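Visitor: I'd love a close look at one part of this chain, with enough context to find my way around it. Could you walk me through it slowly?

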Amino acid sequence: MRFVFIDDSARTTTAVPRVGLGPLQAYGAVIVPEESLVHYTERLAALRTRLGLPARMEFKWNPSDGPLHKNWHALREARSQMLQDAQDLGISAVVVVCATERMPASWTKEKIQLEMLRYLYERVSMVLDNAGHSGILIADQPPGDRTDEKRWLGQALALTENGTQYIAPCPNRIVLPVLTARSNHIDLLQLADLITAATTALVAGSEHAAPYRDLIKDLLAKNWLDGLGGTGIKLVPDADYNPSNLRNLFYWVFGEGGFTKVSQFGHKLLPHYEWAYATNDGLGKTLPPDHPYAKKSST
């Protein structure tokens, strides 16, 4: 059995240094072996004690108040230790990041969120299927009132009951409808917040996320070729024909040399000249002039 903890993240345009990317929305999930539930909670309790923090203090990627607010040394130590503990305990993650301004103008906020939730569900299902595990999904309570929570839960229930184009519904895979809980009550929802926010910050090009890149990369689920693009992390938009396709960021952010489309068994080398960020990363870094894939820029 695996327990899957889900949280979301967002960055406004002013918090996205990467040129041309725009605001970001993300959903992320950590996939936790049953035997690691108690051990992770124990490790987080030990971390709080070591840092002199209150026993039930909630860890956030960017705390707006409390003892870790602007306490950069302790905050960096907490982030790194939480990620390292997750790796030690066999926890993996999947994250979906959407550049909302690159989506079709006709798409509403609700439609984008539903599409992202579908992508997240597919990737969690694939990770569970590949390992032969069942899972229970627990999400951080969505912001807003009970109406917003009921709508979100209805969307999630439709996925578990009906599946998607690529994932058939299976009661032996996701054994219950998605549950919600408050992140300040569950340590592993706090880990989901950290991984989702850190991954989103890496895609955004934030220098504050750079120290955690390797730990995040190790935690993101991989395909059979040991690639994380499209498996551990999904970047949207990503249609082959769309010049706004963000798959080249797998190269710039995580050093991926290729992208494998699992559903079609296709493989493309990165960076690909037809997609955005073909010859530069949007932060000032460019490909060498003689790089074999730097044909033209479509950023």
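**A close look, from the tail back to a helix**

Guide: Happy to! Let's begin with Tyr277, which is placed in the segment after β8. Please keep in mind throughout that this is a predicted model. Tyr277 is not a glycine, yet its phi is positive, near 60°. With a relative accessible area of 0%, Tyr277 falls under the 20% cut-off and therefore counts as buried. The segment after β8 (266-269) also holds Pro271, and the peptide bond leading into Pro271 from Leu270 is cis, with omega near -5°. Another cis bond joins Val236 to Pro237, with omega near 5°; Pro237 sits in the loop that connects β6 (233-236) and α7 (248-254).

Now for the helix that I'd like you to linger on, α2, and the loop leading up to it. Lys70 lies in that loop, between α1 and α2. Lys70 is a non-glycine residue with a positive phi, about 65°. Its relative accessibility of 58% is over the 50% cut-off, so Lys70 counts as exposed.

Helix α2 itself covers residues 72-88. Its 17 residues, at 1.5 Å a residue, should span 24 Å, and the C-alpha atoms at its ends are 24 Å apart, so the two values agree. The buried residues in α2 are Ala74, Leu75, Ala78, Arg79, Met82, Leu83, Asp85 and Ala86. Looking down the axis of α2, you would find these buried residues within an arc of 160°, so they line one face of the helix. And what covers them? The cover includes α1 (37-51), α5 and α6 (213-219).

Of these, α5 (residues 187-204) deserves a closer look: its axis comes within 11 Å of the axis of α2, and the two cross at roughly 110°. That angle lies in the range from 65 to 115 degrees, so α2 and α5 are roughly perpendicular to each other. On the α2 side, the residues that meet α5 are Arg79, Met82, Leu83 and Ala86; on the α5 side they are Gln190, Leu191, Leu194 and Ile195. Sorted by class, this contact has six nonpolar residues, one polar and one charged.

To finish, step just past the end of the helix: Gly90 comes just after α2 and takes a positive phi of about 75°.

Terms used:
Residues numbered from 1 in each chain as written. Predicted model: local features only at pLDDT ≥ 70, side-chain atom pairs only at ≥ 80, totals over all residues. Heavy atoms only, no water. Axes fitted to C-alpha atoms, helices over the stretch in contact; angles between N-to-C directions. Helix = DSSP H or I, 4+ residues; strand = E, 2+ residues; numbered from the N terminus. Parallel < 35°, antiparallel > 145°, perpendicular 65-115°, else oblique. Contact = heavy atoms within 4.5 Å. Nonpolar A, V, L, I, M, F, W, Y, C, P; charged D, E, K, R; others polar. Expected span 1.5 Å × (residues − 1). Buried < 20%, exposed > 50% of the residue type's maximum accessible area, 1.4 Å probe, protein only. Arc of directions from axis to C-beta.
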